[in-house]
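This report describes the fold, the nonpolar cores, one helix pair and the cysteines of a single protein chain. The sequence and the structure are shown first.

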Amino acid sequence: MAMAGCSNFSQLAAVRFFQGVIEASTYAGTQYMIGAWYKPSEIGKRVGLFSACGQAGTMFAGIMMTAIYNSMDGLAGYPGWKWVFIIDGIITLPIAVFGFLYFPDLPETTTASYLTVEEKALAISRLPPKTEKGRKLGWDIIKRTLLTVNFWLLVILWGFGGLLEAYSSFTCMLLWMKTDGYSLQQNNQYPLGIQAVAIVATIVCAITLDVSGKRYPWGLLVCTVQIVTAAILLCWNQIGAGTKFAAFCKVPQSL
């Protein structure tokens with residue numbers, strides 16, 4: 001909502017920076033909470049559902065932005081894009097209140113009123129017992145994390161994945177469409193294909209992960225698709241608009 005009050009790029013950048021600082025723990029914290037309540041064989045579907053809901057929200061936002069711009073542009077002296085941020089903020093306020101009141105915390109510490117004593121005990125009994133060392137946050141867990149090969153592999157691969165994803169997640173598609181003369185409404189609606197592909201691919205892969213119990217093959221598949229589609233977009237002057245749309249809408253980062 002603060003972005004609706006911005007009048008230049010510097011103000012927008014500052015608001016986005018502080019928004020990023022505040023919300024940085026959201027995704028990692030959600031993954032931690034899912035892992036705290038579900039078995040390893042059940043996590044894939046839950047993480048997939050969480051990611052798919054995020055993509056569905058992005059799709060809804062694109063449709064809503066088009067409707068708001070067409071019907072509210074100039075209302076009360078505000079341009080349509082400012083109304084988008086105002087209404088987006090209004091929508092999230094009750095969700096934030098709901099989350100504050102009903103977020104369950106960990107199974108061992110939850111005070112959620114909607115869970116019975118038996119349900120809390122069941123949640124704890126389903127998961128492997130935590131050692132005393134695993135319950136405490138301190139230098140020991142930091143040392144064990146930084147000295148784990150898996151941690152560094154994940155960080156490096158995530159970095160490369162972000163670079164490959166840049167053309168999809170950093171609005172490069174929108175910049176191309178704007179340069180090629182697509183209308184504002186088309187800029188809001190056409191990229192929805194990225195989220196549509198993401199929802200289907202994420203749910204299918206998440207279910208398959210849990211059923212098969214194998215994660216490496218799917219990770220390699222996603223990396224292969226990313227490399228191929230990135231290579232296609234590098235041949236920019238040799239491909240048509242249809243191929244560009246298809247490459248931008250490849251299997252997205254939520255996988």
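What percentage of the 255 residues in the chain is made up of buried residues? Buried residues account for 28% of them. The model is a predicted one, and the values below are computed from it.

## Overall architecture

The chain holds 12 helices and zero strands. Its pattern along the sequence is accordingly written α-α-α-α-α-α-α-α-α-α-α-α. Along the principal axes, the C-alpha atoms occupy a box of roughly 60 × 45 × 35 Å.

Among the contacts in the chain with a separation of 6 or more, 62% join residues that lie 24 or more positions apart.

## Nonpolar cores

The largest nonpolar core consists of 10 residues: Met-173, Trp-176, Met-177, Ile-194, Leu-233, Ile-239, Phe-245, Ala-247, Phe-248 and Cys-249. Two or more of these residues come from each of the elements α8 (172-179) and α12 (241-248). A second core, separate from this one, has seven residues, including Ala-4, Met-72, Trp-83 and Ile-86.

Trp-176 is a member of the largest core. Leaving aside residues up to four places away in sequence, Trp-176 touches Tyr-182, Trp-236, Ala-241, Lys-244, Phe-245 and Phe-248. Of these partners, Phe-245 and Phe-248 are also listed in the largest core.

## Packing of α11 and α12

Helix α11 spans residues 216-234 and packs with α12 at an angle of about 150°, the two axes being 9 Å apart. Because angles over 145 degrees count as roughly antiparallel, α11 is described as roughly antiparallel to α12. The crossing of the two helices is left-handed.

On the α11 side, the contact is made by Thr-229, Ile-232 and Leu-233. On the α12 side, Thr-243, Lys-244, Ala-247 and Phe-248 take part. Leu-233, Ala-247 and Phe-248 belong to the largest nonpolar core as well, and Lys-244 and Phe-248 are among the residues that Trp-176 touches.

## Cysteines

A disulfide is a covalent bond that links the sulfur atoms of two cysteines. With a cut-off of 2.5 Å between the sulfur atoms, the count of disulfides is zero.

Is Cys-205 buried or exposed? Cys-205 has a relative accessible area of 12%, and it is therefore buried, since the limit for that class is under 20%. Cys-235, by contrast, has a relative accessible area of 38% and is partly exposed. Cys-249 is one of the residues of the largest nonpolar core.

Terms used: Residues are numbered from 1 along each chain as its sequence is written. This is a predicted model: local features need pLDDT of at least 70, side-chain atom pairs count only at pLDDT 80 or more; totals for chains, interfaces and linings use all residues. Side-chain values use heavy atoms; hydrogens and water are left out. A nonpolar core is a set of buried Ala, Val, Leu, Ile, Met, Phe, Trp, Tyr and Cys residues joined through side-chain atoms within 4.5 Å. Buried means under 20% relative accessible area, exposed over 50%, partly exposed in between (1.4 Å probe, protein chains only). Helices (H or I, at least four residues) and strands (E, at least two) are DSSP runs, numbered from the N terminus. Contact means heavy atoms within 4.5 Å. Axes are lines fitted to C-alpha atoms, for helices over the stretch in contact, and angles run from 0 to 180 degrees between N-to-C directions. Angles under 35 degrees count as roughly parallel, over 145 as roughly antiparallel, 65 to 115 as roughly perpendicular and the rest as oblique. A crossing is left-handed if the near helix is turned anticlockwise from the far one by less than a right angle, and right-handed if clockwise.
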